[in-house]
Amino acid sequence: MTVTFIDKNKENKLKELLVFLNENNVYYNNLFKEKKLKVNEKDWKIESFYQLPILTKKSINDNYDNYISLNQEGFLYEITSGSTGTPLKCIKTASERVIASIALWKERKQWDKNVNVRNFIPLVGVETYTNIGDFCNFEVANMKACFDNLQKKSPRWISGPISVIEKYAQLIDRGILKYTNKSIKFIELAGEYADPSIRNYVERIFDCETTNQYGLRESWCIGYECKHGNIHVLENILMELGPSIEVDDKKLNELIVTSLYNKAMPFIRYNTHDIGELDIMACNCGKTSQIIKLYGGRTGDIIRGKKEVLGDIFFKRVINDVIESGFNSIESFRVEQLLEDKFEIFIVRNATYTEQVSIMLKNLIQSNLGRHIDIDIQYVDKIPPLSSGKMKTFYSHLN
């Protein structure tokens with residue numbers, strides 16, 4: 001596993017991060033001692049970084065009490081389950097969120113100097129859900145209401161998963177939704193693999209350009225596409241190739257990320273479980289950087305049945321509701337839809353798991369999808385990859 005590109009600027013940021021953690025983070029201070037690594041201003045060596053183990057959500061959760069850095073203020077929380085289905089309570093300080101936000105807006109400005117926070121609307125998020133509607137509920141009446149509310153805002157940019165945007169494009173194409181004001185000039189695709197054919201279809205229906213953002217809730221944006229079609233790794237991010245996996249008779253790798261700005265809750269050599277390739281190139285856009293090529297390891301699936309919703313987001317919300325209710329007892333999970341009215345949930349439990357959690361899970365799912373839904377919960381020691389090699393929160397056998 002190697003980093004294919006690290007310039008002096010990134011090396012200095014990495015040194016600053018590890019020295020900070022040695023002084024302010026119990027987990028990493030203990031790890032440096034265990035590995036007999038000298039991590040200080042005087043004795044710093046880049047080789048120390050490569051001796052650190054690959055990080056997973058489980059290793060963070062197992063050491064959570066010692067994992068959050070000392071002397072940090074203004075914590076903001078996000079809960080994610082990510083591609084492995086392992087819930088994780090992510091922490092960033094306000095200043096870290098500003099750093100991540102500035103980096104992302106810098107990339108957007110490369111595409112469109114007129115984009116700003118007033119004309120940019122994400123389709124997924126609490127604020128949108130409250131003020132505009134739930135774009136991930138695909139009942140036609142709801143989609144009409146959401147799209148009408150969106151058009152009243154006249155956004156220049158929208159951002160969201162391509163599977164959600166495709167659903168709206170299809171209804172526009174069929175004349176069910178009326179796209180009248182034509183305000184959208186750019187669509188930022190985020191959270192899923194952007195299939196080129198679907199992307200072309202969305203661009204044609206909305207008569208706009210699309211951009212592609214690759215990121216995680218943990219570290220926010222990792223890479224952003226330039227106008228020449230390459231996803232460039234951002235200045236505050238290091239990428240490595242992780243464990244290999246065979247997909248369609250081709251050996252690929254999981255992608256490993258290091259965030260150089262997350263100090264309150266560090267992500268160092270963190271396994272994204274996304275499948276892809278890394279390269280380094282001098283691009284015609286003027287950047288020389290790592291380039292990420294993704295292989296669809298994060299594609300969201302649709303729940304098929306009387307109520308169609310985006311399965312990945314729906315079940316993450318269910319797990320988040322369980323966690324927020326005080327039951328942080330699910331190490332990882334995957335939901336598979338076997339029939340329109342039958343779901344199988346694989347759960348890796350921790351010691352705090354009780355039958356009450358199972359009852360809550362079933363009630364939350366049935367209250368949203370229908371009481372007729374049959375839910376079979378199976379307890380396993382680990383969540384294996386699908387036959388395709390992908391690690392997914394939700395998988396439908398009907399798609």
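**Group meeting: T211, two cores and an open sheet**

Start with one pair: the side chains of T211 and Y224 are joined by a polar contact of 3.0 Å. Polar contact here means N or O atoms within 3.5 Å, and within protein one must be able to donate a hydrogen and the other to accept it; residues adjacent in sequence count only if both atoms are side-chain atoms.

This is a predicted model: local features need pLDDT of at least 70, side-chain atom pairs 80 or more, while totals for chains, interfaces and linings use all residues. Residues are numbered from 1 along each chain as its sequence is written, and side-chain values use heavy atoms, without hydrogens and water.

Back to T211. It lies in strand β6, residues 209-216; strands are DSSP E runs of at least two residues, helices H or I runs of at least four, numbered from the N terminus. Buried or exposed? T211 counts as buried, because its relative accessibility is 0%; the buried cut-off is under 20%, exposed is over 50%, partly exposed in between, with a 1.4 Å probe and protein chains only.

Now the cores. A nonpolar core joins buried Ala, Val, Leu, Ile, Met, Phe, Trp, Tyr and Cys through side-chain atoms within 4.5 Å. The largest has 54 residues; L18, Y28, I60, M239, M265 and I292 touch the most other members. Helix α1, residues 8-24, gives the most, with 6 residues. A second, separate core of 30 residues includes L123 and I187.

Last, the sheet. Its 4 strands run β15-β14-β13-β16, open, with mixed pairing; pairing takes at least two DSSP bridges. Strands β14 and β15 run parallel, joined by 6 bridges. One of the bridge pairs is F343 with I375 in β15.
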